[in-house]
Amino acid sequence: MILKRQWLIGILTALALLTLSACSASSTKPETNSKNNTETEQSTEMDHSMMNHSSSSEVPTTLKNAEKPKFPVGSTAIITDGHMAGMKGAEATIVGAYDTTAYIVSYEPTTGGNRVDNHKWVIHEELIDSGEAPLAPGTEIKTNASHMEGMENATVHIDEALQTTVYMIDYTSTTTGEAVKNHKWVTEEELATKK
């Protein structure tokens with residue numbers, strides 16, 4: 001009787017351990033997914049690592065200065081939507097303000113490598129033989145913009161068009177402390193008044 005009882009306790013203990021280890025194994029899956037999400041976020045940021053954070057102050061000759069921009073040249077604003085690490089939350093100094101159509105585009109870099117999806121922003125004046133603005137989503141057209149390596153002379157696919165004021169800005173990266181000069185472009189919707 002004692003032997004049967006010990007045998008039964010042994011089996012129940014083994015079952016309990018198996019159950020606990022199964023729970024333990026399943027609880028590691030979210031950690032793995034979390035790690036994969038982190039890797040995905042990092043690789044998304046890496047896609048923009050080829051972006052020229054600083055650029056020259058030159059703008060297309062056909063680009064018109066904004067008449068009454070919300071953020072005048074020389075004023076400061078907070079960047080609310082960063083296209084790359086270190087932008088969001090940074091204080092921007094407005095270098096230029098222009099009324100135009102800004103596009104979110106996707107394209108294959110002319111230098112090879114992965115397709116770039118939903119790049120913000122290319123403006124109408126940086127498109128070659130673009131005609132009247134705005135271009136419809138789905139339009140494919142060449143650009144002379146050089147914000148990212150492999151963008152110049154690439155054929156871009158228009159994903160979205162936005163009639164807005166775009167700004168050229170100076171800011172200091174919140175992640176690296178690097179001073180970024182003449183960054184092109186952020187839209188009015190991506191800036192907020194300093195509090």
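**View 1. Val 105 of strand 3 and His 119 of strand 4 in the predicted model.** Val 105 stands opposite His 119. Strand 4 covers residues 116–123 and is joined to strand 3 by five bridges. The two strands run antiparallel.

**View 2. Asp 99 of strand 3 and Thr 165 of strand 6.** These residues stand opposite each other. Strand 6, residues 155–172, is antiparallel to strand 3, and 15 bridges join the pair.

**View 3. Ala 77 and Ala 92.** Ala 92 lies in strand 3, with Ala 77 opposite. Strand 2 (residues 76–79) and strand 3 run antiparallel and are joined by three bridges.

**View 4. Asn 65 and Tyr 98.** Tyr 98, in strand 3, has Asn 65 opposite. Two bridges connect strand 1, residues 64–65, with strand 3 in an antiparallel arrangement.

**View 5. Burial of strand 3.** Strand 3 spans residues 91–107. Of its 17 residues, 13 are buried, which leaves the strand mostly covered. For the chain of 195 residues, the buried share is 33%.

**View 6. The chain around these strands.** One helix and eight strands are present, and they follow the order α-β-β-β-β-β-β-β-β along the sequence. Among contacts between residues at least 6 apart in sequence, 62% join residues at least 24 apart. The accessible surface of the chain is about 11700 Å². Carbon and sulfur atoms account for 53% of that surface.

Notes:
Residues are numbered from 1 along each chain as its sequence is written. This is a predicted model: local features need pLDDT of at least 70, side-chain atom pairs count only at pLDDT 80 or more; totals for chains, interfaces and linings use all residues. Side-chain values use heavy atoms; hydrogens and water are left out. Buried means under 20% relative accessible area, exposed over 50%, partly exposed in between (1.4 Å probe, protein chains only). Helices (H or I, at least four residues) and strands (E, at least two) are DSSP runs, numbered from the N terminus. Two strands pair if DSSP finds at least two bridges between them. Contact means heavy atoms within 4.5 Å. Accessible areas come from the Shrake-Rupley method with a 1.4 Å probe; for residues, only the protein chains shown count as cover.
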